[in-house]
Amino acid sequence: MSAITVRVPAKVNLQLAVGPLREDGYHDLVNVFHAVSLFDEVTAAEPADGDATAAPLTVRVEGDHTGGVPVSDDNLAVRAAMALAGRAGRTYRADLLIRKSIPVAGGMAGGSADAAAALVACNELWGLGLPVEDLMEIAADIGSDVPFALLGGTAVGTGRGERLAPLETAGVFHWVFALADGGLSTPRVYGECDRLREEAGEAAPRPVVSEALLDALRRGDAKALGQALANDLQPAALALRPSLADTLAAGREHGALGALVSGSGPTCAFLAESAEHAHELAGLITDVDGCRAVVTAHGPVPGATIAGAGAG
Ligand code: ATP
């Protein structure tokens with residue numbers, strides 16, 4: 001019985017510019033993704049022989065705070081494995097085990113990460129040998145953030161975020177993430193963003209990538225990057241979860257180079273000057289109300305990568 005384990009990173013959005021709502025229900029985006037060293041692991045194992053009536057794909061989820069993660073065909077890792085089997089044109093079997101560290105519904109694309117990891121793990125387990133370009137296509141059909149979890153690094157996504165171009169970066173950036181109690185629904189945050197704009201009589205601007213941000217990344221300039229961080233979803237996330245304003249303020253007070261809500265939230269991200277500064281900052285914001293845990297991480301890191309193969 002063999003098994004493949006894939007490690008996959010969370011993302012933080014360095015810039016999330018949200019344009020007008022399109023006819024297909026998505027928004028036009030400029031989305032600068034950055035993969036950070038906070039990982040889920042997905043193991044795909046060949047099921048034990050003998051139970052021909054068992055479902056071809058099963059899933060289990062391990063880790064703290066995994067409430068809300070479906071253990072059914074709705075799990076994004078299962079959906080990805082089913083899409084891959086469909087592409088290969090036959091039924092394949094696998095038992096999936098997800099070890100979660102990425103916060104659930106936290107704005108760090110944990111579900112998308114698991115989908116990407118399942119694609120890589122099952123491609124290997126089933127000996128399909130599909131090239132990454134094919135996996136990227138399947139990934140884009142599953143969700144806008146899935147292709148980036150395959151790619152990793154730092155990249156700009158346009159369209160609904162799924163058309164990706166890797167970005168040049170220098171050095172390592174050090175981060176602190178304040179994980180919140182409970183999640184925020186991504187569609188609800190986008191809906192609130194539209195509602196706030198309508199209320200203010202504001203037309204959604206055409207999303208444009210920030211040149212200052214690209215320049216800071218190229219030069220590895222953390223201070224300039226901190227100033228260029230931007231998230232159009234932040235006002236909506238703060239409207240739905242007002243306590244996040246205190247979390248962001250605590251990080252800024254304690255010397256973060258930049259502070260923003262990650263994607264649709266409620267995770268808050270803080271850029272630090274160095275690994276030491278990140279640890280110091282993490283210690284100082286632990287006690288803020290509504291903050292479940294504080295973790296440090298660095299980026300950029302590679303996308304979904306095989307971490308081990310062996311007996312299941
Ligand atoms: P994003 O940053 O892409 O908007 P998120 O980080 O806010 O996403 P996820 O953790 O990806 O949110 O999960 C959102 C919802 O997707 C969960 O509440 C859950 O119902 C569903 N889901 C399906 N599969 C998974 C999975 N493998 N891990 C986490 N959530 C999953």
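This is a chat about a predicted model, its ligand and a few notable residues.

Reader: Hi! What kind of model is this, and how are residues numbered?

Author: Hi! It is a predicted model, where local features need pLDDT of at least 70, side-chain atom pairs count only at pLDDT 80 or more, and totals for chains, interfaces and linings use all residues. Residues are numbered from 1 along each chain as its sequence is written, and side-chain values use heavy atoms, with hydrogens and water left out.

Reader: Cool. Where does the ligand sit?

Author: In the largest pocket. On a 1 Å grid over the protein atoms alone, a pocket is an open set of points with protein on both sides within 12 Å along at least five of seven lines. A molecule sits there if more than half of its atoms lie within 2 Å of the grid points.

Reader: And which residues come nearest to the ligand?

Author: Of the 22 around it, those are Ala105, Ala109, Gly111, Asp145 and Thr186. Being near takes a heavy atom within 4 Å.

Reader: How do those 22 divide by type?

Author: The shell has 9 nonpolar, 8 polar and 5 charged residues. Here Ala, Val, Leu, Ile, Met, Phe, Trp, Tyr, Cys and Pro count as nonpolar, Asp, Glu, Lys and Arg as charged, and the others, Gly among them, as polar.

Reader: Which helix gives the most to that shell?

Author: Helix H2, residues 110-125, with 3 residues. Helices (H or I, at least four residues) and strands (E, at least two) are DSSP runs, numbered from the N terminus.

Reader: Which polar atoms lie by the ligand's oxygen and nitrogen atoms?

Author: A polar backbone atom of Gly107 is 2.9 Å from a ligand oxygen. Lys100 has a polar side-chain atom 3.2 Å from a ligand nitrogen, and for Lys11 a polar side-chain atom lies 3.4 Å from a ligand oxygen. The cut-off for a polar contact is a pair of N or O atoms within 3.5 Å.

Reader: How much of the ligand does the protein cover?

Author: The protein covers 80% of the 620 Å² of accessible area that the ligand has on its own. That area comes from the Shrake-Rupley method with a 1.4 Å probe.

Reader: New topic! Where does UniProt put the active site?

Author: The unreviewed UniProt entry puts "active site" at Lys11 and Asp145. They span 135 residues in sequence, yet no two of their C-alpha atoms are more than 9.0 Å apart, so they gather at one spot. Lys11 is in strand S1, residues 2-21. Such annotations may be inferred rather than shown by experiment.

Reader: Where is Gly107, and what about Ala105?

Author: Gly107 lies in the loop between strand S4 (94-99) and H2, and Ala105 is in the loop between S4 and H2 too. Ala105 is not a glycine, but it has a positive phi of about 50 degrees.

Reader: Why is that worth a mention?

Author: Most residues other than glycine have a negative phi, and most peptide bonds are trans.

Reader: Which peptide bonds are cis, then?

Author: Among them are Gly265 to Pro266, with omega near 5 degrees, and Gly299 to Pro300, with omega about 0 degrees. Pro266 is in the loop between strands S9 (258-261) and S10 (268-272). Pro300 is in the loop between strands S11 (291-299) and S12 (305-311).

How values were computed: A polar contact is a pair of N or O atoms within 3.5 Å; within protein, one must be able to donate a hydrogen and the other to accept it, and residues adjacent in sequence count only if both atoms are side-chain atoms. On a 1 Å grid over the protein atoms alone, a cavity is a set of points where a 1.4 Å probe fits but cannot get out, and a pocket is an open set with protein on both sides within 12 Å along at least five of seven lines; lining residues have an atom within 4 Å of a point.
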